[in-house]
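Trainee: Hey, have you got a minute to walk me through this one? I'm new to it and don't know where to look.

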Amino acid sequence: QLQLVESGGGLVQPGGSLTLSCSASGFSLDYYTIGWFRQAPGKEREAVACITQSAKRINYAESVKGRFTISRDNAENTVYLQMNSLKTEDTAVYYCAADPMQTMCVIPPFLDKEYDHWGRGTQVTVSS
């Protein structure tokens, strides 16, 4: 069974950094486009970043450009989201998702198609 697991969330002060990891069990991430999403309480889910299988296409939401970096290590079967200069408005549950189609790496994401596989999320709280 395909399973994605996010880790690395936690409590950080404004201006701080965190690195989230998305790892897979039961399948290789080599063949999947990976997206990072987040959802804050009372708000809709927001696409944050995405990366295609070969990392030739990477996209970011405007709200995180210049602060967040998505990367992948296929040898480790892991995708990372490096988050710098964190703001209180970055507080949310962060999810990673996988899809075999490279065309899914768009922000904003398609309204009529979701990524095939999702993790359960990791909480990121930015607060002083």
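Mentor: Sure, let's begin with Arg 67, which counts as buried at 10% relative accessibility. Keep in mind that this is a predicted model.

Trainee: Which side chain does Arg 67 meet in a salt bridge?

Mentor: Asp 90. Their side chains come together at 2.7 Å, N to O. Asp 90 is buried too, with a relative accessible area of 0%.

Trainee: And where do Asp 90 and Arg 67 lie?

Mentor: Asp 90 is in the loop between E8 and E9, while Arg 67 is in the loop between strand E6 (58-60) and E7, so the pair ties together parts that are 23 residues apart in sequence. There's a bigger picture as well: salt bridges with shared partners link Arg 38, Glu 46, Arg 67 and Asp 90 into one network.

Trainee: What's the distance for Arg 38 and Glu 46?

Mentor: That salt bridge is 2.8 Å, N to O. Arg 38 is buried, with a relative accessible area of 6%, whereas Glu 46 counts as partly exposed at 28%.

Trainee: How many salt bridges does the count come to?

Mentor: The count comes to 7. Another one of them is between Lys 65 and Glu 62, where the side chains meet at 2.8 Å, N to O.

Trainee: Is Glu 62 buried or exposed?

Mentor: Exposed, because its relative accessible area is 63% and the cut-off for exposed is over 50%. Lys 65 is partly exposed, with 44%.

Trainee: Okay, new topic. What's the strand order in the open sheet of 4 strands?

Mentor: The order is E1-E3-E8-E7, and the pairing is antiparallel. Strand E1 (3-7) and strand E7 (68-73) are the edge strands, each pairing on one side only. From one strand to the next, the twist averages 15°.

Trainee: How many bridges join E1 to strand E3?

Mentor: There are 5 bridges between E1 and strand E3 (residues 18-25), and the two run antiparallel. If you want to find them on screen, try Glu 6, which stands opposite Cys 22 in E3. Gln 3 is another good one, standing opposite Ser 25 in E3.

Trainee: And how many join E3 to strand E8?

Mentor: 6 bridges, with E3 and strand E8 (residues 78-83) again antiparallel. Look for Leu 18 there: its bridge partner in E8 is Met 83.

Trainee: What else is Met 83 in contact with?

Mentor: Leaving aside neighbours within four places in sequence, Met 83 contacts Gly 16, Ser 17, Leu 18, Leu 20, Arg 67, Phe 68, Tyr 94 and Val 124. So our Arg 67 from the start turns up on that list.

Trainee: Which residues have the most contacts inside the largest nonpolar core?

Mentor: Those are Trp 36, Leu 81, Met 83 and Tyr 94, in a core of 30 residues. The elements giving two or more residues to this core are E3, strand E4 (33-39), strand E5 (46-51), E7, E8, strand E9 (92-99) and strand E11 (122-126). Another core, of 7 residues, lies apart from it and includes Phe 37, Cys 50, Met 104 and Cys 105.

Trainee: Why would nonpolar side chains be found together like that?

Mentor: As a general tendency in soluble globular proteins, nonpolar side chains are buried together.

Trainee: What about Leu 29, is it buried or exposed?

Mentor: Leu 29 is buried, with a relative accessible area of 0%. You'll find Leu 29 in the loop between E3 and E4.

Trainee: What does Leu 29 touch?

Mentor: Not counting residues up to four places away in sequence, Leu 29 touches Leu 4, Cys 22, Ala 24, Ile 34, Arg 72, Asn 77, Thr 78 and Val 79. The C-alpha atoms of Leu 29 and Ala 75 are 9.3 Å apart, with their positions 46 residues apart along the chain.

Trainee: Last one: is Leu 11 buried or exposed?

Mentor: Leu 11 counts as exposed, at 67% relative accessibility. Its place is in strand E2 (residues 10-12).

Trainee: And what does Leu 11 touch?

Mentor: Thr 125 and Ser 127, again not counting residues up to four places away in sequence. Leu 11 and Ser 127 are 116 residues apart along the chain, and their C-alpha atoms are separated by 7.1 Å.

Terms used: Residues numbered from 1 in each chain as written. Predicted model: local features only at pLDDT ≥ 70, side-chain atom pairs only at ≥ 80, totals over all residues. Heavy atoms only, no water. Buried < 20%, exposed > 50% of the residue type's maximum accessible area, 1.4 Å probe, protein only. Contact = heavy atoms within 4.5 Å. Pairing = 2+ DSSP bridges. Axes fitted to C-alpha atoms, helices over the stretch in contact; angles between N-to-C directions. Core = buried A, V, L, I, M, F, W, Y, C linked by side-chain atoms within 4.5 Å. Salt bridge = Lys/Arg side-chain N within 4 Å of Asp/Glu carboxyl O.
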